[in-house]
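Please look through the sequence and the model below before reading on. The paragraphs that follow lead from one part of the structure to the next.

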Amino acid sequence: MIRLLILLVVLAAVVFGAPLLIERQSSACAAVGAQAAGDVLQPPGTIADAAGRAAARITYPDLPAAVGCTLLYWRAKFGDRP
């Protein structure tokens with residue numbers, strides 16, 4: 001049971017942490033916005049975060065922004081553009 005719990009915690013850390021590390025952003029929403037902007041370098045807290053939050057709010061209105069942005073990031077990463 002403990003191993004399952006540890007596995008779930010590690011999996012959640014990878015799923016929610018990888019977008020931050022891959023895109024070098026401070027939040028999953030900023031990572032979504034940066035991914036949409038392409039190679040344009042943006043400082044943290046700029047329009048990328050707001051754009052990511054807006055996209056998550058439209059696509060997943062019943063989920064918290066952090067969860068919606070993470071889902072959007074992985075959907076875009078694997079080719080299923082929303």
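Why do the end C-alpha atoms of helix H4 (residues 65-77) lie the distance apart that they do? The model is a predicted one, and the reasoning starts from a rise of 1.5 Å a residue. The expected span is that rise times one less than the number of residues, so the 13 residues of H4 should span 18 Å. The end C-alpha atoms of H4 are 18 Å apart, in agreement with this expectation.

With that helix in hand, the rest of the fold can be set around it. The protein has four helices and zero strands. Read from the N terminus, the order of its elements is α-α-α-α. Of the contacts with a separation of 6 or more, 39% are between residues 24 or more positions apart. Buried residues account for 30% of the 82 residues. The protein exposes about 5600 Å², and 69% of this area comes from carbon and sulfur atoms.

Helix H4 contributes several buried residues: Gly-68, Cys-69, Thr-70, Leu-72, Tyr-73 and Ala-76. An α-helix has 3.6 residues a turn, so residues three or four places apart point the same way. After H4 comes Gly-79, which has a positive phi, near 95 degrees.

Three neighbours in H4 can now be taken in turn. Gly-68 is found in this helix. The relative accessible area of Gly-68 is 0%, and a residue counts as buried under 20%, so Gly-68 is buried. Leaving aside residues up to four places away in sequence, Gly-68 touches Ala-56, Tyr-60 and Leu-63. Gly-68 is also 16 residues along the chain from Gly-52, with 9.1 Å between their C-alpha atoms.

Next comes Cys-69, likewise placed in H4. Cys-69 is buried because its relative accessible area is 0%, below the 20% limit. Beyond residues up to four places away in sequence, Cys-69 touches Ala-28, Cys-29, Val-32, Gly-52, Arg-53 and Ala-56. From Cys-69 to Asp-49 there are 20 residues in sequence and 9.6 Å in space, C-alpha to C-alpha.

One of the residues touched by Cys-69 is Cys-29, and these two cysteines form a disulfide with their sulfur atoms 2.0 Å apart. The pair links distant parts of the chain, 40 residues apart, with Cys-29 in helix H2 (residues 28-37) and Cys-69 in helix H4. A disulfide is a covalent bond between the sulfur atoms of two cysteines. The structure holds one such link. The angle about the S-S bond is 90 degrees, and the link of Cys-29 and Cys-69 is right-handed. Both cysteines are buried.

The third neighbour, Thr-70, lies in H4 as well. With a relative accessible area of 3%, against a limit of 20%, Thr-70 is therefore buried. Thr-70 touches Val-15, Phe-16 and Ala-28, not counting residues up to four places away in sequence.

What makes the nonpolar surface patch of about 570 Å²? Ile-2, Leu-5, Ile-6, Val-9, Val-10 and Val-14 form this patch on the surface. Among them, Val-14 has its place in helix H1 (residues 2-23).

Notes. Residues numbered from 1 in each chain as written. Predicted model: local features only at pLDDT ≥ 70, side-chain atom pairs only at ≥ 80, totals over all residues. Heavy atoms only, no water. Helix = DSSP H or I, 4+ residues; strand = E, 2+ residues; numbered from the N terminus. Buried < 20%, exposed > 50% of the residue type's maximum accessible area, 1.4 Å probe, protein only. Contact = heavy atoms within 4.5 Å. Areas by Shrake-Rupley, 256 points an atom, 1.4 Å probe, with all protein chains shown as cover. Disulfide = S-S within 2.5 Å. Patch = residues over 30% accessible without salt bridge, like charges linked within 9 Å, V, L, I, M, F, W, Y side chains within 5 Å. Salt bridge = Lys/Arg side-chain N within 4 Å of Asp/Glu carboxyl O.
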